Amino acid sequence: MALLEVNDLSISFEQSAGWLRQRYIPVLHQLQLTVDAGEVVAVLGASGAGKSLLAHAILGILPSHARITGEMTYRGERLTPQRQAALRGMDIALVPQSVAYLDPLMPVGEQVRHAVKQGNKRERQRESFRLYRLGEEVERRYPFQLSGGMARRVLVAAATASGARLIIADEPTPGLDPDVMREALGRFRELADVGCGVLLISHDIASALTVADRIAVMYAGTVVEIARAADFAGDGTALRHPYTRALWQALPQNGFVPLPGEPPQLGERPHACAFASRCSAATDACLHEQPPVRELRRGLVRCVHAS
Amino acid sequence: MLLEARDVSFRYDRREDWLLQRANLRIEAGEIVGLTGPSGIGKSTLARLLAGYRKPQQGEVRLAGKPLPSSGYQPVQLVLQHPEKAVNPRWRIRRILREGWQVDAELRHMLGIAEQWLDRWPNELSGGELQRICVARALGPGTQFLLADEMTTMLDAVTQAQIWNAVCEIAEARRMGMLVISHDAHLLGRLCNRIVDIDTI
Ligand code: SF4
């Protein structure tokens, strides 16, 4: 049984369209994803593809005008808004994008103790500080007294100490130099190795591949491919979707190939493959409907022509 | 044409350590120089000095042997990592594109800026779309040097390759010089004629 299972998740935002009329702007579209215990799953894609919305949907923190369809389960049971509220911060923890989430007026040790929901607070906090090589003197420090790298370790320590089994990390590394980034990502690997499931949201393929077991690639509000990390190799022939291949070949260490065109704006959902205008393999068959999701070579793909 | 930092030293506060001490850097017209080195703010500080945002406490920045112009269009333009912090959130895109110069249709096309974006607000564009706007704004005909401080760090690989492809084409056609600050050694290897480490200058 998967720790987290997301099935056919669609989200749209209600927008008033004049006098007593409402429109729904679709933003996520029939999305599939699973995260197992012990696994790091990276969600990759361009800004605007819907990665953070997915995270917010799982945590149950979407704005109130969002309309959600589809199903999410956590350890086999349906994630209702009530259950999400009960699990958030307990079983499911967010490692936020920015160290600005730390309370500037509270010593960091105390903040981590607040996050502990099961067991002895002080013991669990000390244990997680030791795990992340944060000395005892750090407990009494305020966020401004920490280096950026230390503050990030505190954020991950809080997620670990909380006892959460599913960790959602939203863009935890942009702009870090390679050593600090390797360390930050290594923490997530360690969490998975002790049995957590980790959902790592990122726009940076190269760094995500250093820790992820599987990669979900998002494009224009849906997951177009789920691949194994090992599929990202050579010229990308093991990859299933043309967009994933384009991402891989655009890396400076590969071809640095600039695929022309733009993703459609969220909300403009044509009844066709959203990638069709940029795809060299597109045919008439791609223009009739959204390609259905299907299994292929131990992964998933949403492309009629993938083989 | 040469842009140079001569023996520049800088710190924000007298009580703090120097962020840069007697640093030297030369960028020729048409040359693409990569700047790398460990975390810390020395690299970004040097870029700000070269763009005239700050004055060094010691040493000087020279463009073609003279100080940077104190008014009018800045021939040395700086593009930063976070486009949402570099634009006025209360201006529509059309107005932002007119801020420094009148961005023309050809450049918009090269950078993949769609006509429909012009009537939107900055928060209605994605990070990649907004960064193209900032790049276009920095590429007026009077720009002789472009300083890119982690300009594509927040972007996915496809958008990064698109933006650099366009910028390099423009730089070559105009013999513009560039300074590229990045943690990504592969990116610097792709783009630059030479790469220098901040600790050695
Ligand atoms: S469905 Fe068609 S247009 Fe879409 S990615 Fe596959 S081949 Fe390309």
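**Exercises on a two-chain interface, a ligand shell and side-chain pairs**

Between chain B and chain A, the count is 1 salt bridge, a salt bridge being a side-chain nitrogen of Lys or Arg within 4 Å of a carboxyl oxygen of Asp or Glu. The model is predicted: local features need pLDDT of at least 70, side-chain atom pairs count only at pLDDT 80 or more, and totals for chains, interfaces and linings use all residues. Residues are numbered from 1 along each chain as its sequence is written, chains are lettered from A and ligands numbered from 1 in the order in which they are written, and side-chain values use heavy atoms, with hydrogens and water left out.

**Exercise 1.** Identify the side chains that meet in the salt bridge between the chains, and describe the side of chain B that touches chain A.

*Solution.*
Step 1. The partners are A:Glu262 and B:Arg132, with an N to O distance of 3.2 Å.
Step 2. On chain B, helix 4 (127–138), helix 5 (157–174) and helix 6 (185–191) each give two or more residues to this side; helices (H or I, at least four residues) and strands (E, at least two) are DSSP runs, numbered from the N terminus.
Step 3. Helix 5 of chain B provides the largest share, 7 residues.

**Exercise 2.** State how many residues each chain brings to the contact and how much area is buried.

*Solution.*
Step 1. Chain B brings 28 residues and chain A brings 29 residues, where contact means heavy atoms within 4.5 Å.
Step 2. The two chains bury about 2,100 Å², with 57% of it on carbon and sulfur atoms; buried area is the accessible area (1.4 Å probe) that two parts lose on being put together, summed over both.
Step 3. Of the area that chain B buries against chain A, 26% is supplied by B:Val158, B:His183 and B:Arg190, more than any other three residues.

**Exercise 3.** Name the closest residues around the ligand.

*Solution.*
Step 1. The ligand is surrounded by 13 residues, each with a heavy atom within 4 Å of it.
Step 2. The closest are A:Cys273, A:Cys279, A:Cys286, A:Cys303 and A:Val304.

**Exercise 4.** Locate the salt bridge of A:Asp193 and explain the spacing of its partners along the helix.

*Solution.*
Step 1. The structure holds 23 salt bridges over all chains.
Step 2. In one of them, A:Asp193 pairs with A:Arg189, the closest N and O atoms being 3.2 Å apart.
Step 3. Because A:Asp193 and A:Arg189 are 4 residues apart in helix 6 (residues 178–193) of chain A, about one helical turn separates them.
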